[in-house]
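Me: I am new to this structure and would like to understand how its labels are earned. Could you take me through the reasoning behind some of them?

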Amino acid sequence: MIRLFKPKSEFSRNVLTLMTGTTIAQAIPIAISPILTRIYTPEDFGLFALFLAITNIIGSVANGRYELAIMLPEEDEDAINTAALGFSISSILSVLILILVILFNDFFVSLIGNEEISLWLYFVPITVFLLGLWNVLNYYNNRKKNYQDLRNAHIIRSIVLASTHLIIGFMKSGVTGLISGEIFSKLSANSRLLKNILTDKLLISKITKRKMINMAKRYKNFPMISLPSSFTTELYANLFSVLLSSLYNVVLLGHYSMAQRVLGLPSALLGVSIGQVFFQSAVKEKEKTGQARIIFKSTVKKLFLIALPFFVALFFIVEDLFAFVFGENWRVAGTYSQILIPIFFVRLLATPVSMINTVFERQIYGLYISIILLVSNTGIILGSYYFGLGPEKMFMILSIVLFIEYSLFLLHYYLLSGGDYISRIFSKSPR
């Protein structure tokens with residue numbers, strides 16, 4: 001039996017702590033999915049996916065990306081002021097969004113091309129605010145190594161999400177239960193993590209406007225470089241959903257979102273947890289050796305040994321699995337899943353270690369990668385629609401192109417982890 005994680009390793013212990021919570025958190029929605037797919041229609045899931053796409057795109061800039069800088073200061077005083085800075089930006093942005101939605105609701109509905117989203121646009125500001133708060137709390141608790149609290153927050157979030165989906169779903173038809181669950185779950189998870197900060201009165205007292213401004217200047221590369229990169233990343237990931245709804249139909253988006261939910265399970269179970277611990281471990285290794293090659297190779301190896309057998313087995317059974325578990329009307333989602341498996345396999349290997357760009361403060365590379373993916377995704381769906389290609393052919397082209405691209409990104413991350421990649425080849429590149 002292959003031992004993927006050694007108990008004596010601090011990295012492994014931290015990953016297992018987070019992974020335990022993430023596993024439980026993901027297991028709950030997966031367990032009730034056969035019920036949800038029978039009380040919510042593909043159209044409901046499609047509208048829910050459209051709402052999430054909008055909030056994720058806006059939420060990617062909610063903190064000005066200063067949440068990433070929370071890990072970097074040596075002093076906790078600087079870290080808490082950086083966190084406060086990110087929280088302030090999120091609060092201001094949410095208020096501005098609310099004003100815009102009130103004034104221009106009809107315009108946004110026309111732009112999106114879906115009248116049913118009109119009411120739910122008013123819930124975008126609060127969702128963006130909660131997402132921004134989650135980002136700040138998540139990174140600050142990660143800095144303090146509060147892995148058990150992070151684990152518990154994921155579990156609480158999942159329980160509230162599942163309960164709300166079920167209770168409201170049985171009481172009222174439509175997408176109400178799905179969107180309400182998203183809001184209430186974020187609120188409950190944030191409340192759990194916020195306690196770790198609020199109880200430290202001395203640290204909170206050190207938050208000042210002057211220090212927040214100093215942190216804003218010190219880590220200005222994050223809004224200048226990481227923010228465009230993050231926005232572009234979320235745009236490529238979520239604009240595709242918006243275009244699926246407007247160019248094809250919201251039912252297709254519902255099937256696609258269900259395929260993403262199932263295929264993204266390994267990333268949800270492992271990717272986030274391993275990515276968080278990899279980030280911290282890579283920073284420590286870089287401080288000691290100037291490189292992060294050891295932790296990079298170890299992380300990718302573990303991911304590969306887990307991902308390969310899972311996705312190979314899933315490829316042969318996924319279509320029938322969807323029909324059996326979720327109902328026969330979801331079989332088409334299984335067909336799409338089979339086509340998209342190569343993307344999710346290589347993405348699981350590449351995404352957790354993509355933080356290597358931040359570790360070496362080369363966020364500009366992340367921006368380049370995001371632009372490439374945005375152009376690819378948008379070009380493929382627009383081109384497919386223009387030439388009259390059906391969903392299956394479009395997804396097949398997408399799968400081939402993105403598999404190649406993510407493989408090349410993984411090679412880039414490996415070279416960057418060696419440090420010498422920067423000094424010898426890209427020493428003059430902008431940060």
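**Charges over rings, ring pairs and a buried residue**

Reply: In this predicted model, the charged end of R347 sits over the ring of F344, 5.1 Å from its centre.

Me: What makes R293 a charge that sits over the ring of Y414?

Reply: R293 lies over the face of Y414, at 4.1 Å from the ring centre, and the distance limit for a charge over a ring is within 6 Å, so the value of 4.1 Å meets that limit.

Me: How do you know that F87 and F129 are an edge-to-face pair?

Reply: By the ring rule the count comes to 19 aromatic pairs. In the pair formed by F87 and F129, the centres are 5.8 Å apart and there are 65 degrees between the planes; centres must lie within 6.5 Å, and planes over 60 degrees apart count as edge-to-face, so the pair earns that name. This pair links distant parts of the chain, with F87 in helix α3 and F129 in helix α4 (residues 124-143), 42 residues apart.

Me: Why are F87 and F129 called partly exposed?

Reply: F87 has 35% relative accessibility and F129 has 21%; because buried means under 20% and exposed means over 50%, F87 counts as partly exposed, and F129 likewise counts as partly exposed.

Me: Why is the pair of F296 and Y414 called tilted?

Reply: The ring centres of F296 and Y414 are 5.9 Å apart and their planes stand at 50 degrees, which is neither under 30 degrees, as stacking requires, nor over 60, as edge-to-face requires, so the pair is tilted. Here too the pair links distant parts of the chain, since F296 is in helix α12 (residues 293-326) and Y414 is in helix α16 (residues 391-417), 118 residues apart.

Me: Is F296 buried or exposed, and how do you know?

Reply: F296 has 3% relative accessibility, so with the limit for buried set at under 20% it counts as buried. Y414, with a relative accessible area of 30%, is partly exposed.

Me: What makes N105 a buried residue, and what does N105 touch?

Reply: N105 is found in helix α3 (residues 76-112), and its relative accessibility of 6% falls under 20%, so N105 counts as buried. Leaving aside residues up to four places away in sequence, N105 touches L100, S118, L121 and Y122. With S118, the side chain of N105 makes a polar contact, side chain to side chain, at 2.8 Å, a distance that satisfies the limit of within 3.5 Å.

Key: Residues are numbered from 1 along each chain as its sequence is written. This is a predicted model: local features need pLDDT of at least 70, side-chain atom pairs count only at pLDDT 80 or more; totals for chains, interfaces and linings use all residues. Side-chain values use heavy atoms; hydrogens and water are left out. Helices (H or I, at least four residues) and strands (E, at least two) are DSSP runs, numbered from the N terminus. Buried means under 20% relative accessible area, exposed over 50%, partly exposed in between (1.4 Å probe, protein chains only). A polar contact is a pair of N or O atoms within 3.5 Å; within protein, one must be able to donate a hydrogen and the other to accept it, and residues adjacent in sequence count only if both atoms are side-chain atoms. Contact means heavy atoms within 4.5 Å. Rings of Phe, Tyr and Trp (its six-membered ring) pair if their centres lie within 6.5 Å; planes under 30 degrees apart count as stacked, over 60 as edge-to-face and the rest as tilted. A charge sits over a ring if NZ of Lys or CZ of Arg is within 6 Å of the ring centre and within 35 degrees of the ring normal.
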